[in-house]
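Hi,

Here is the structure I promised to pass on. Have a look at it first, and then read my notes below.

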Amino acid sequence: NLTTRLARVVKTLRGEARLTEANTQEMLREVRLALLEADVALPVVREFVARVREKALGEEVAGSLTPGQALVGVVHKELTALMGGDLGPNASELSLAQQPPAVILMAGLQGSGKTTTTGKLARWLAEGGHTQGGRKTGRKKVLVVSADVYRPAAIEQLKTVAAQAGVDFLPSTADQKPEDIARGALDHARRYHYDVLIVDTAGRLGIDEQLMNEIRALHAILDPIETLFVVDAMLGQDAVNVAKAFNDALPLTGVVLTKLDGDARGGAALSVRHITGKPLKFVGVSEKLAGLEPFHPERMAQRVLGMGDILSLVEEAQKAIDVGEAQKLAAKLKSGDKFDLNDFRAQIAQMKNMGDMGSILEKLPAQFSQAAAQVDSKQAGKQIRRMEGILNSMTNLERSKPELLKASRKRRIAAGAGVQVQEVNRMLAQFEQMQGMMKQMKKGGLAKMMRAMGG
Ligand code: GDP
Ligand code: MG
């Protein structure tokens, strides 16, 4: 992925003070390959690389950054902007502000996830998830209807999904015309004072003129405030053609990118944004109705970069770590003092300050997320408190000279903390592991460790 590709280049470029034509050239080649690997369409890649080149050239390499790191910064910033970061903080919000019912029309190929997303959105709106200007607007009364008359199972599927979502479903039948279904649904939603009407439509396996005419007709009847293009992230490169066809046929207002829980690298997000110019509003991350998330440009940029939320993780850690403690620790490392249980205790306290372990683990890059999924964050929090209990049962002397901790002292400490002796031993093993890491850090420096994490 891009991070590993760039890490290589970053290494070779240390010591150069700025991004030049020559060193930028090589790195941009890697960026180009990485974006293609992430399934971004070729014309989009070309334009993006040209833009990064322009921004990067002559950029001063700030502080301790190497040119490689500086370029990663430029790539990240541009990617975030292109993903919709330049549209402002509330670009992913649905607009429902009109005389109710606010109509949402779902468009997309067959199998893209329209019916599932209709259910997810309905549930989300009914549960009060909608925000406007960042503020929640309360629970909505939602009606869903299917205009998919080609596959008998499609209407039945929406009925099931609506029941799971706990919203009202207006029955339709396969012998009705989609246009009549739309008119009927609009009347019904007006008469019974629904806030939102979501209209699920038929899709085809490919782009076809009849389908486009039909959805255009539905659009004319419904005059929807939101016309959402639903697209499967796994489409990869092909997403460009599909997005272009729908964007030409309909005045889209937003995009929902589904099946991001799969292997898709998210390159489709960039392609679709580029082609349609419309904001991505949601991503689908599971088959289940809860698997819908508002779109975050920053996160998607990082997914394409293959670096998880590592930047925000680092920021979070920096905020949480007490500056004084950190300086003391750094001074200690420099002076060659050994890392003792008092330092260990201070570190544990800092870990607690970093907040919910779960939210931190979520932000780690993909290669760690599997391990993260196995960590129960409540369990981790409990673990930390138990470790603190053990450390607090030691005397100051014992913490500064861990080698004093023989069997009898361990028994006393375990009793004091209300745990088994094995747990004291386990904690001491963890301490020794940390001590080893500290030695490594002293040798290689913090930067080396951070690089190892990122790469
Ligand atoms: P439609 O033909 O556009 O209405 O697509 P469906 O809503 O019927 O979805 C097609 C398939 O994709 C179904 O098996 C869904 O369960 C699945 N699906 C939809 N969205 C997601 C998603 O975000 N993640 C995963 N894993 N599967 C999804
Ligand atoms: Mg469907």
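Ligand 1 has 18 residues around it, and the closest are Gly 113, Lys 114, Thr 115, Thr 116 and Gly 284. Keep in mind that this is a predicted model. If you want to know which helix gives the most to that shell, go to α5 (residues 114–126), which supplies 3 residues. As for the make-up of the shell around ligand 1, the split is 13 polar, 4 charged and 1 nonpolar.

Next, two helix pairs that I looked at.

Start with α2 (residues 21–37) and α3 (residues 42–56). They pack at an angle of about 150°, and their axes are 10 Å apart. Angles over 145 degrees count as roughly antiparallel, so that is what α2 is with respect to α3. The crossing of these two, α2 and α3, is right-handed. On the α2 side, the contact is made by Thr 24, Leu 28, Val 31, Arg 32, Leu 35 and Leu 36. Facing them from α3 are Val 45, Phe 48, Val 49, Val 52, Arg 53 and Ala 56. Sorted by class, the contact of α2 with α3 comes out as 9 nonpolar, 2 charged and 1 polar.

The other pair is α7 (residues 178–191) with α8 (residues 209–222). Here the packing angle is about 20°, with the axes 9 Å apart. The cut-off for roughly parallel is an angle under 35 degrees, so α7 is roughly parallel to α8. The crossing of α7 and α8 is right-handed. From α7, the residues in the contact are Pro 178, Glu 179, Ala 182, Arg 183 and Leu 186. From α8 they are Glu 214, Ala 217, Leu 218, Ile 221 and Leu 222. In the contact of α7 with α8 you'll find 7 nonpolar and 3 charged residues, and no polar ones.

One last spot to click on is Gly 436, which sits in helix α20 (residues 421–454). Is Gly 436 buried or exposed? A residue counts as exposed if 12 or fewer other C-beta atoms lie within 10 Å of its own. Gly 436 has 11 within 10 Å, so it is exposed. While you're there, look across to Phe 339: the C-alpha atoms of Gly 436 and Phe 339 are separated by 9.3 Å, although the two are 97 residues apart along the chain.

That's what I have so far. Shout if anything is unclear.

Cheers

Technical notes
Residues are numbered from 1 along each chain as its sequence is written. Chains are lettered from A and ligands numbered from 1 in the order in which they are written. This is a predicted model: local features need pLDDT of at least 70, side-chain atom pairs count only at pLDDT 80 or more; totals for chains, interfaces and linings use all residues. Axes are lines fitted to C-alpha atoms, for helices over the stretch in contact, and angles run from 0 to 180 degrees between N-to-C directions. Helices (H or I, at least four residues) and strands (E, at least two) are DSSP runs, numbered from the N terminus. Angles under 35 degrees count as roughly parallel, over 145 as roughly antiparallel, 65 to 115 as roughly perpendicular and the rest as oblique. A crossing is left-handed if the near helix is turned anticlockwise from the far one by less than a right angle, and right-handed if clockwise. Two residues are in contact if their C-beta atoms, placed from the backbone, lie within 7 Å. Ala, Val, Leu, Ile, Met, Phe, Trp, Tyr, Cys and Pro count as nonpolar, Asp, Glu, Lys and Arg as charged, and the others, Gly among them, as polar. A residue is near a molecule or strand if its C-beta atom, placed from the backbone, lies within 6 Å of it. A residue is buried if 20 or more other C-beta atoms lie within 10 Å of its own, exposed if 12 or fewer, and partly exposed in between; C-beta atoms are placed from the backbone.
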